[in-house]
Amino acid sequence: MKVLIVDDDDSILDFMVKVVEGYQGESFEVLKAKDGPEAMVLYQKYRPKLLFIDMIMPQMHGLDLIRKIKAENDEKINIWAITGYEDNAILEEVEKVPIIVKPFDVEDVEIVLDAIASERQ
């Protein structure tokens with residue numbers, strides 16, 4: 001399964017890539033982007049089924065990226081927002097996007113991967 005990780009912070013991007021690539025429950029092909037426009041190009045080319053999207057990025061806010069992806073997608077995809085802010089009512093209520101709040105650790109990401117792997121079985 002293809003996974004797209006979008007974050008402008010290199011340390012978070014590298015951490016997420018290592019966790020997803022090292023996950024033992026399933027094999028994931030990881031794509032990564034540092035901003036929204038780059039993420040849209042990768043999304044349109046590869047159509048990943050799981051996306052982790054940072055909210056605060058240069059060039060395009062993560063919420064705008066989520067809306068663009070949802071607007072051109074009719075397949076089931078899993079989108080998770082990555083944010084440092086606790087109050088994310090618009091993500092949860094309007095966009096129906098679950099959230100991983102920074103700082104997070106390996107176990108937080110593995111919980112998401114476990115859920116995705118169990119859905120595929």
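These legends walk through several close-up views of a predicted model.

**View 1. Strand S3 sits inside the structure, with buried residues along its length.**
Let us start with strand S3, which covers residues 50-54. Are its residues buried or exposed? Five of the five residues of S3 are buried, so the strand is largely enclosed by the rest of the structure. Follow the side chains along the strand and you can sort them into two groups: Leu50, Phe52 and Asp54 point one way, while Leu51 and Ile53 point the other way. In a regular strand, side chains alternate between the two faces of the sheet.

**View 2. Strand S3 pairs with S1 and with S4.**
Which way do S1 and S3 run relative to each other, parallel or antiparallel? They run parallel, and four bridges join them. To find one of these contacts, look for Val6, whose bridge partner in S3 is Ile53. S3 also pairs with S4, again in the parallel sense, over five bridges. Here you can look for Leu51, which stands opposite Ile79 in S4.

**View 3. Phe15 and Phe104 form one of the two aromatic pairs in the structure.**
A pair of aromatic rings is described by the distance between the centres and the angle between the planes. For Phe15 and Phe104, the ring centres are 5.9 Å apart and the planes meet at 55°, so the pair is tilted. Where do the two residues sit in the chain? Phe15 belongs to helix H1 (residues 10-21), and Phe104 lies in the loop between strand S5 (99-101) and helix H5 (106-120), so the pair ties together parts that are 89 residues apart in sequence. Phe15 is partly exposed, at 28% relative accessibility. Phe104 is buried, with a relative accessible area of 15%.

**View 4. Tyr23 and Phe28 make a tilted aromatic pair.**
The ring centres of Tyr23 and Phe28 are 5.8 Å apart, and their planes are at 45°, so this pair is tilted. Are these residues buried or exposed? Tyr23 is buried, at 10% relative accessibility, and Phe28 is buried as well, at 9%.

**View 5. A salt bridge connects Glu29 with Lys2.**
Side chains of opposite charge can pair when their charged atoms come close. How many salt bridges are there in the structure? The count comes to seven, and this view shows one of them, between Glu29 and Lys2, with an N to O distance of 3.9 Å. The pair links distant parts of the chain, 27 residues apart: Glu29 is in strand S2 (residues 29-33) and Lys2 in strand S1 (residues 2-6). Glu29 is partly exposed, with a relative accessible area of 40%, and Lys2 is also partly exposed, at 27%.

**View 6. Lys34 and Asp10 meet in a salt bridge.**
The N to O distance between these two side chains is 2.2 Å. Lys34 lies in the loop between S2 and helix H2 (36-46), and Asp10 lies in helix H1, so many as 24 residues away along the chain. Lys34 is partly exposed, at 33% relative accessibility, and Asp10 is partly exposed too, at 42%.

**View 7. Glu72 and Arg47 join two loops through a salt bridge.**
The side chains of Glu72 and Arg47 meet with an N to O distance of 3.2 Å. Glu72 is in the loop between helix H3 (62-71) and strand S4 (78-83), and Arg47 is in the loop between H2 and strand S3, so the pair ties together parts that are 25 residues apart in sequence. Glu72 is partly exposed, at 31% relative accessibility, and the value for Arg47, also partly exposed, is 31%.

**View 8. Asp7, Asp54 and Lys102 are linked in a network of salt bridges.**
You have already met one member of this network: Asp54 is among the buried residues of S3. Look for Asp7 and Lys102 to complete the network.

**View 9. One cavity of 30 Å³ or more is found in the structure.**
Rolling a probe the size of a water molecule over the atoms shows where empty space is left. How much space lies in the largest cavity? The space is about 30 Å³. The lining of this cavity is made up of Tyr43, Arg47, Pro48, Lys49, Asn73, Glu75 and Ile77. These residues divide into three nonpolar, one polar and three charged. Arg47 may look familiar: its side chain also meets that of Glu72 in a salt bridge.

Definitions and conventions
Residues are numbered from 1 along each chain as its sequence is written. This is a predicted model: local features need pLDDT of at least 70, side-chain atom pairs count only at pLDDT 80 or more; totals for chains, interfaces and linings use all residues. Side-chain values use heavy atoms; hydrogens and water are left out. Rings of Phe, Tyr and Trp (its six-membered ring) pair if their centres lie within 6.5 Å; planes under 30 degrees apart count as stacked, over 60 as edge-to-face and the rest as tilted. Buried means under 20% relative accessible area, exposed over 50%, partly exposed in between (1.4 Å probe, protein chains only). On a 1 Å grid over the protein atoms alone, a cavity is a set of points where a 1.4 Å probe fits but cannot get out, and a pocket is an open set with protein on both sides within 12 Å along at least five of seven lines; lining residues have an atom within 4 Å of a point. Grid points are joined across faces, edges and corners, and a volume is the space filled by probe spheres set on the points. Ala, Val, Leu, Ile, Met, Phe, Trp, Tyr, Cys and Pro count as nonpolar, Asp, Glu, Lys and Arg as charged, and the others, Gly among them, as polar. A salt bridge is a side-chain nitrogen of Lys or Arg within 4 Å of a carboxyl oxygen of Asp or Glu. Two strands pair if DSSP finds at least two bridges between them.
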